[in-house]
Amino acid sequence: MPAEIYLNVAISGLLTGLVYGLMALGLSVIFGVVRVVNFAHGEMMTIAMYLAVALFASFKLDPLLMLLPIAGVLFLLGYAMQNWLITPFINRPEHAQFMLLIAVAIIMVNGLLIVFGPDAQNVQTSYSFDSFAIGPLIIDATKVYAGLAAIVVAAALFAFFKFSLTGKAIRACADNYTGALVVGLDVRRLYALTFGLGAACVGAAGAILVLIIDVTPPLGPAFTLLAFIIVIVGGLGSMPGALLGGVLIGVTEALAGLLFTPSAKSMFAFAILVLVLLFRPEGIMGKRAS
Amino acid sequence: MMGRLTQGVPRRILIALAVLLAVLLLAPWVANDYVLTVLILILYFAYTGQAWNIMMGFAGQLSLGHALYVGLGAYTTAALYVHFGVSPWLGLPVAIVIAAMAGAFIGYLAFRFGVTGVYFAILTIAFCEFARIGFDHFRWVSGSSGFFLPVANYTRNDLWNLRGSPAMFYYVMLALTVVAFLICHWLLRSRIGYFWQAIREDEMAAKTLGIDTFRYKMIAVVISASMTSVAGMFFAFYYNNLFPEQVFHISRSIELILGPIIGGIGTLFGPIIGAIVLTGLAESIFELLSALGWTPPGARQVFYGVCLLIVVMLLPDGIWPPLARKLGLDKSRDKTER
């Protein structure tokens, strides 16, 4: 095989990986602040993907244009979930939170199955088959748009947490829960806001990902697992880590699919996870908790 | 032996258990095939729940990948039977050793490097998924196209090769469940059981008291994995087909741990009550929906999820602890409420 093929596949994996990273960023933000592991994360992703598919099928609306409205819908969903469902579970043991979110995930997956059926659905845009040729490299235009959109959304989130007052308040909650209460922050509302923002990330990622991947209901649990792997590899609670982890996993899976059989590609993601857990349990960019 | 086992257990509990066992022993004579199938499912989940509970309920280590041990047990016994004609009961020790080694490997990696809590849970999922994809490409057991056991006709029960009628499988599963219950009962009151509970409540404090926490956590994983692999043998010979996508799927792991969580983590009766409630719930929802004539795929699971949600929100400790308080069994020593 000529060397360009490897580079082509690696770049395609990198672009897909950025979208994975955006999805994982949502999980990381939620865990970093609310300290709840969102076991329904991938399921929320499939909800966003189906929203994009439905909007495209009914009104021919391009998923990239629908990115913000879909992110908004998911924000409301996340806000509501945190405010009414998860708040009473904040001080409960991990396994209780896990059970709650598993129940939510089961309802979501099968709700989608009832509404949309088991068949794979996708979106065919006018630029589906376009590509850019740079020297010997041929890059899928859809993936370039997808990767760029993911970077823009992630940058917006970074800016929000870095510069806005609310973003600073949320970081204060994450750093010191009691301290945040003492200075009079409305922690419950900020937690709901954070969960909403995490869900909005997933919503944006879902809207982007329909351009690349066909959606079926069972993708939900698979994405949840993928988001976990990425976030742990990158470092739980670290925002740049999530993006980096996404790219790393995206490139690894793409190259593994080329070198071995495509169906075995996830094994390499798990192998990376095991290596990271063994030698750097806090993740590549994470800080040691204790 | 019997004296030690029953020591300190209130008499009403013993009588209730004896009556329950008698009813279960007589069930195949009155129950039709459908009811028997449901009872087998309940016993299966009570057994696997009990095995999982050793790790989570007793020693406080959350495993979300127990389907791995079920799968290893199932594939080992089935492959030995199909390829070499080895009886499942002879294949079982091999399966137990393999599952115990897998458990020990995961435990060693995790506990040596201080991987705990959520991280440990995700490590267990990762190994189970790794096995799923690995078995998909494992030619010797036909990979993703599924591994099938020859199906015998049900004229004669062959207990040695586990070929026979549902009633035979029912009694096998009942025996396994009773043995698992007794083992857990004994473990919980043994020295090891107290060490586990100390680790579960406060690992640092347990360490300070001189408990070798690494060693006892390892023992918990190995026992739990071994017991779970026995359920795998049952699974393989009862269903006669094994697909990696189903056997090692994450929903199998979740299914298996819902019972003890709903019933009450760390209690002896929790896994049994949880299995009865969950399986009963699932079956009655199915019946209800069929009666209404509305059976789109997934409808049953949605109701299942909603019921689960309600139980989790209203009963934080599971069903058994509040029930035990109602029945006035608060002080019974076989309960270790958290």
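Two residues are in contact if their C-beta atoms, placed from the backbone, lie within 7 Å. The exercises below use a predicted model.

**Exercise 1. The contact between the chains**

Task: Find how many residues chain B and chain A each bring to their contact. Then describe the side of chain B that touches chain A.

Solution:
- Step 1. Count each side. Chain B gives 35 residues and chain A gives 31 residues.
- Step 2. Look for the elements on the chain B side. Those giving two or more residues are helix H6 (117-136), helix H12 (250-263) and helix H14 (299-314) of chain B.
- Step 3. Pick out the largest share. H6(B) supplies it, with twelve residues.
- Step 4. Sort the chain B side by residue type. It holds 26 nonpolar, seven polar and two charged residues.

**Exercise 2. The setting of B:Ile42**

Task: Decide whether B:Ile42 is buried or exposed. Then list what B:Ile42 touches.

Solution:
- Step 1. Place the residue. B:Ile42 lies in helix H3 (residues 33-58) of chain B.
- Step 2. Apply the cut-off. A residue is buried if 20 or more other C-beta atoms lie within 10 Å of its own. B:Ile42 has 23 other C-beta atoms within 10 Å, so it is buried.
- Step 3. List the contacts. Leaving out residues up to four places away in sequence, B:Ile42 touches B:Ala275, B:Ile276 and B:Thr279.
- Step 4. Compare sequence with space. B:Ile42 and B:Gly274 are 232 residues apart in sequence, yet their C-alpha atoms are 9.0 Å apart.

**Exercise 3. The span of H9(A)**

Task: Test the span of helix H9 (residues 219-234) of chain A against 1.5 Å a residue.

Solution:
- Step 1. Work out the expected span. The helix has 16 residues, so it should span 22 Å. The rule multiplies 1.5 Å by one less than the number of residues.
- Step 2. Check the ends. The end C-alpha atoms of H9(A) are 22 Å apart, which agrees.
- Step 3. Ask how covered the helix is. In H9(A), 15 of the 16 residues are buried.
- Step 4. Move just past the helix. There A:Gly235 takes a positive phi of about 120 degrees.

**Exercise 4. Two loop residues with positive phi**

Task: Classify A:Arg35 as buried, partly exposed or exposed. Do likewise for A:Lys60.

Solution:
- Step 1. Place A:Arg35. It sits in the loop between helix H1 (3-34) and helix H2 (41-59) of chain A. Its phi is near 65 degrees, a positive value in a residue other than glycine.
- Step 2. Count neighbours. A:Arg35 has 15 C-beta neighbours inside 10 Å, so it counts as partly exposed.
- Step 3. Place A:Lys60. It sits in the loop between H2 and helix H3 (67-86) of chain A. Its phi is positive, about 55 degrees, although A:Lys60 is not a glycine.
- Step 4. Count again. A:Lys60 has 8 other C-beta atoms within 10 Å, so it is exposed.

Note on methods:
Residues are numbered from 1 along each chain as its sequence is written. Chains are lettered from A and ligands numbered from 1 in the order in which they are written. This is a predicted model: local features need pLDDT of at least 70, side-chain atom pairs count only at pLDDT 80 or more; totals for chains, interfaces and linings use all residues. Helices (H or I, at least four residues) and strands (E, at least two) are DSSP runs, numbered from the N terminus. Ala, Val, Leu, Ile, Met, Phe, Trp, Tyr, Cys and Pro count as nonpolar, Asp, Glu, Lys and Arg as charged, and the others, Gly among them, as polar. A residue is buried if 20 or more other C-beta atoms lie within 10 Å of its own, exposed if 12 or fewer, and partly exposed in between; C-beta atoms are placed from the backbone.
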